[in-house]
Every structure is written in structure tokens, then in C-alpha cells.
Amino acid sequence: MQRTLILLKPDCVQRRLMGQIITRFEDKGLNFVAMKLMQITPELAKQHYAEHVAKPWYPTLEGFVTAGPIVAAVLEGLEAIRVVREMLGATNGLQAAAGTIRGDFSSSRQMNLVHGSDGEEAAAREIALYFKPEEIVASTPTIATWLRAADEA
Ligand code: CDP
Ligand code: MG
């Protein structure tokens, strides 16, 4: 089992797309184990996007992600990090494949609706940035036996 952090970015919340996006992850069989509505501060934005802080486009990214409420959530599932990244599609909505979240809902390089951790190290770091250990509510969905066979990890 892997855990990954997703953020429904301010464009997703403002465009009233939260429900549709959450539904996609539920439909896939991923399990929500933590979720909260919050606003990202400039300090948190710099920590979250540490790898991008020095880039020329960082100031506009910070302005965007701090501009309104977001939803932070932790998803759990087999290969969840890769599965979620593939569901998101390419960074730029104009290039993301049809059928992916960004491909279906975004026409922007910046306003691409959802963040997903890009690897195990990032997932661990990002989950700790947004959630205290006691805010993660682990549980086995009662339909787990109908999501995959017993011998699939
Ligand atoms: O989110 P992802 O890992 O696909 O992309 P990234 O290259 O790590 O960039 C992080 C986020 O910065 C993107 O999701 C965009 O919202 C934003 N971005 C931007 O505003 N301008 C760019 N030229 C590239 C990315
Ligand atoms: Mg990235």
C-alpha cells in the first residue's frame, strides 16, 4: 500500500469541480484516509514547492496557490503515487491527454486543478507538511474484497 498527497488547488475549488475530482479517485478504488479544507500560506507554499522556489515563474505560482481555499487529502492504494500522477496527466492542461483530469478540465500550465506527489520521498514529505499523524484515519473499506483479488498485495 502506498499513500500520496493530493491538493485540489484554488481553481478546482472556485470552479466547483471538487465533487467531480473526488469522485474520480473514489471510482478508481483509491481510499481517502485524510482530508481538509484550508488556505495555503506563502510560507507553506515555499516549503511545498521548495524545488521550484528559484524559478522565474514561482511568484505567480505562489500567488495562485495562496489565492483561495484548497482541499488537501491523503489517498491510499496499491501504487497510489503513480496511479494518481497518471490520472492527473501532464502538467500543462493543453498537453495533458484526454481522459486525464488535467486533459479533461484544464487549459492552463498553471491552473491545472490538482497536485499529486511525484515519488515516495515527496509523498512522505508532503503528507507531513499538511497532516499530523493523528489526522490520518486509516481504515479498510468494506468493499475491499470487490476492488481486487486477495493475492494482489
Ligand atoms: O504539478 P506537476 O508535478 O505536474 O508540475 P511541476 O513541474 O512540478 O510544477 C508544479 C506546479 O507549478 C504545476 O502543477 C503548475 O501549477 C505550476 N507551474 C507553473 O505555474 N508554471 C510553469 N511553467 C510550470 C508549472
Ligand atoms: Mg512536480
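**A walk from the ligand outwards**

Let's start where the ligand meets the protein: in the side chain of His52, an N or O atom lies 2.8 Å from an oxygen atom of ligand 1. Keep in mind that what you're looking at is a predicted model. Asn112 does something you can spot in the structure too, with a side-chain N or O atom 2.8 Å from an oxygen atom of ligand 1. Then there's Lys9, where a polar side-chain atom sits 2.9 Å from an oxygen atom of the ligand. How much of ligand 1 does the protein bury? On its own, ligand 1 would expose 510 Å², and the protein buries 86% of that.

Now look at who else is around. Besides Lys9, His52 and Asn112, the residues around ligand 1 include Tyr49, Trp57, Leu61, Arg85 and Thr91. Arg102, Arg109 and Gln110 belong to that group as well. Sort the shell by class and you get 3 nonpolar, 4 polar and 4 charged residues. And where does the ligand sit? The space that ligand 1 takes up is the largest pocket.

Time to zoom out to the whole chain. The protein chain has 7 helices and 4 strands. If you trace it from the N terminus, the elements come in the order β-α-α-β-α-α-β-α-α-β-α. The radius of gyration of the protein chain is 15 Å, close to the 15 Å the globule rule gives for 153 residues, so the chain is as compact as a globular protein of that length. Want a feel for the dimensions? Along the principal axes, the C-alpha atoms of the protein chain fill a box of roughly 50 × 35 × 25 Å.

Key:
Residues are numbered from 1 along each chain as its sequence is written. Chains are lettered from A and ligands numbered from 1 in the order in which they are written. This is a predicted model: local features need pLDDT of at least 70, side-chain atom pairs count only at pLDDT 80 or more; totals for chains, interfaces and linings use all residues. Side-chain values use heavy atoms; hydrogens and water are left out. A residue is near a molecule or strand if one of its heavy atoms lies within 4 Å of it. A polar contact is a pair of N or O atoms within 3.5 Å; within protein, one must be able to donate a hydrogen and the other to accept it, and residues adjacent in sequence count only if both atoms are side-chain atoms. Accessible areas come from the Shrake-Rupley method with a 1.4 Å probe; for residues, only the protein chains shown count as cover. On a 1 Å grid over the protein atoms alone, a cavity is a set of points where a 1.4 Å probe fits but cannot get out, and a pocket is an open set with protein on both sides within 12 Å along at least five of seven lines; lining residues have an atom within 4 Å of a point. A molecule sits in a cavity or pocket if more than half of its atoms lie within 2 Å of its grid points. Ala, Val, Leu, Ile, Met, Phe, Trp, Tyr, Cys and Pro count as nonpolar, Asp, Glu, Lys and Arg as charged, and the others, Gly among them, as polar. Helices (H or I, at least four residues) and strands (E, at least two) are DSSP runs, numbered from the N terminus. The radius of gyration is taken over C-alpha atoms; the globule rule is 2.2 Å times the number of residues to the power 0.38.
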